[in-house]
Amino acid sequence: GVDLLTVGEALVSLRSAGPLTVGGPLTPYLAGAESNVSIGVARLGHRAAFAGRVSADELGLFLLRQLRAEGVDVGHVVRDPDRPAGLMFLERRTADLTRVIYQRAGSAGSALTVDDLRPALAAGTHVLHLTGITPALSDSARAATEWAAGTAARSGALVCLDVNYRSRLWSRDAARAVLTPLAGHAAVVVASHDELDLLGDHGADEPTVVAGLLDRGVSTVLVKLGGDGARAYTREGRVETAAVPVTAVDTVGAGDAFTAGYLSGHLDGLDLAGRLRRAVTLGAFAVAGHGDWEALPRRDELALLDGRQSG
Ligand code: KDG
C-alpha cells in the first residue's frame, strides 16, 4: 500500500509566454490538480501513487516520465491506445492574468472507468485524494470517482475531496448535484470560499454549508482564502491560519499545494494547527515560484518559509 493515492486526469499543459493569438513558443509541462497533489506529497517523502488513464503515445509517456521522476508510483496507470492525451493551453495574457483553453473532451484521461481503479484501490492506501474535476469529465469518470470514494471510505482510508470547480467543464448546478452527495463520503473537504455553495443548497452561506457537511459525517472542512490564509472547521469548532507572506509570481497550483501540505501533515500525525500551517506553507511555495508544482519543497526545504510571520 501507499500513503496517498490520487485519481484523476494528468494533462499536457502547453504554456505560452504571451498572448496565444500572436503565437510564439509553447512549452509542455505536466499539469492536473491530482498529479500536482501527488508530487507535493512525494516531495515531502511520503509514498504517493497516481492512478488514471493516459494516452499510449509519446505524450502519455511524457506524463508518466514526469511523475516517475518526482517519485510518484504510476504502476496502476492504464495506457489507452485509442484516445489522445488531454491538453490544456495555459496562456499568460498579462503578468498577472492567465487563461486556460482545454482540449480534453474524449481524451484518454476522461475515459477513466471503475475497472481502471480496482487494482490501485485493492493495493491499499492511507489517504485517497479526489477532486471535483474528475467527475466532470465523463459519466464513466464520475462513476469511477464515486466508486473510489465509497470503496476507500469503507476500507478505512481517509478520503479527501478537493472541490476544484472548473466552469469550462460544467455548470454550477450540474457540479452541485454531483459534488454535494460525493462530499458525504469524504472525511476532509477542501473548497475555496466561492465553491462552498456547490456542497449544499444553492446560495447557502458558509456556516450552513459547513454545518451540513459536519452533520453528514465530514470531520474537517477547509476553506481556502488565498492570500488571507484558510479556515478549518471541525465539530470542536473553528481554527484560522494566516497565509505565509511571499511575493506571488504564479498562483496556478496553489490550491493543490495547500491540499498536499494538509495531507502530508495528516500523514505525519500533526494536530489541526500544524496541518494547516503545512498547508499554507506549501501554498506559499507554489505561488512564489513558476509552474503548477515545480517550486514545491522537499522536506529539508520546508523550514525556508515556515518561520515567516504575516503582518
Ligand atoms: O490545479 C492547477 C491546474 O493544474 C489545474 O487547473 C489543471 O487539473 C487541471 C484542470 O483540470 O483544470
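This section describes the overall dimensions, the sheet, the nonpolar cores and selected local features of a predicted model.

The protein chain contains nine helices and 14 strands. Its C-alpha atoms occupy a box of roughly 50 × 40 × 40 Å along the principal axes. The radius of gyration is 18 Å, in agreement with the value near 19 Å that a compact globule of 311 residues would have. Of the 311 residues, 56% are buried. The exposed area of the protein chain is about 12,800 Å², and 52% of this area comes from carbon and sulfur atoms. Among contacts with a separation of 6 or more, 68% are between residues 24 or more positions apart.

Eight strands form an open sheet with mixed pairing, in the order 4-1-9-10-11-12-13-14. Strand 4 (48–51) and strand 14 (237–241) are the edge strands, and each of them pairs on one side only. From one strand to the next, the twist averages 20°. Helix 6 (residues 206–215) packs on this sheet and touches strand 11, strand 12 and strand 13 (230–234). The direction of helix 6 makes about 45° with that of strand 13.

Within the sheet, strand 11 (residues 188–192) runs parallel to strand 12 (residues 220–224), and the two are joined by five bridges. Thr220 in strand 12 is the bridge partner of Val188. Strand 10 (residues 158–162) is also parallel to strand 11, to which three bridges join it; here Asp162 stands opposite Val190. In a regular strand the side chains alternate between the two faces of the sheet. For strand 11, both faces are covered: Val188, Val190 and Ser192 are buried on one side, and Val189 and Ala191 are buried on the other. Since five of the five residues of strand 11 are buried, this strand is largely enclosed by the rest of the structure.

In soluble globular proteins, nonpolar side chains tend to be buried together. The largest nonpolar core of the model has 52 residues, and Val188, Leu222 and Phe258 have the most contacts inside it. Helix 8 (residues 272–288) gives the most to this core, with nine residues. Beyond its neighbours up to four places away in sequence, Leu222 touches Val188, Val189, Val190 and Ala191 of strand 11. The other residues touched by Leu222 are Arg231, Ala232, Phe258, Tyr262 and Leu276. Another core, of 47 residues, lies apart from the largest one; Leu5, Ala157, Val163 and Leu214 are among its members.

Helix 1 (residues 33–43) is likewise largely enclosed by the rest of the structure, because eleven of its eleven residues are buried. The buried residues of helix 1 include Glu34, Asn36 and Arg43 as well as Val37, Ile39 and Val41. After helix 1 comes Gly45, which has a positive phi, near 95°.

Gly291 lies in the loop between helix 8 and helix 9 (303–306). With a relative accessible area of 7%, Gly291 falls below the 20% cut-off and is therefore buried. Leaving aside neighbours within four places in sequence, the residues in contact with Gly291 are Arg15, Asp250, Val252 and Ala286. Gly86 is 205 residues from Gly291 along the chain, and their C-alpha atoms are separated by 18 Å.

Notes. Residues are numbered from 1 along each chain as its sequence is written. This is a predicted model: local features need pLDDT of at least 70, side-chain atom pairs count only at pLDDT 80 or more; totals for chains, interfaces and linings use all residues. Side-chain values use heavy atoms; hydrogens and water are left out. Two strands pair if DSSP finds at least two bridges between them. Axes are lines fitted to C-alpha atoms, for helices over the stretch in contact, and angles run from 0 to 180 degrees between N-to-C directions. Contact means heavy atoms within 4.5 Å. The radius of gyration is taken over C-alpha atoms; the globule rule is 2.2 Å times the number of residues to the power 0.38. Buried means under 20% relative accessible area, exposed over 50%, partly exposed in between (1.4 Å probe, protein chains only). Accessible areas come from the Shrake-Rupley method with a 1.4 Å probe; for residues, only the protein chains shown count as cover. A nonpolar core is a set of buried Ala, Val, Leu, Ile, Met, Phe, Trp, Tyr and Cys residues joined through side-chain atoms within 4.5 Å.
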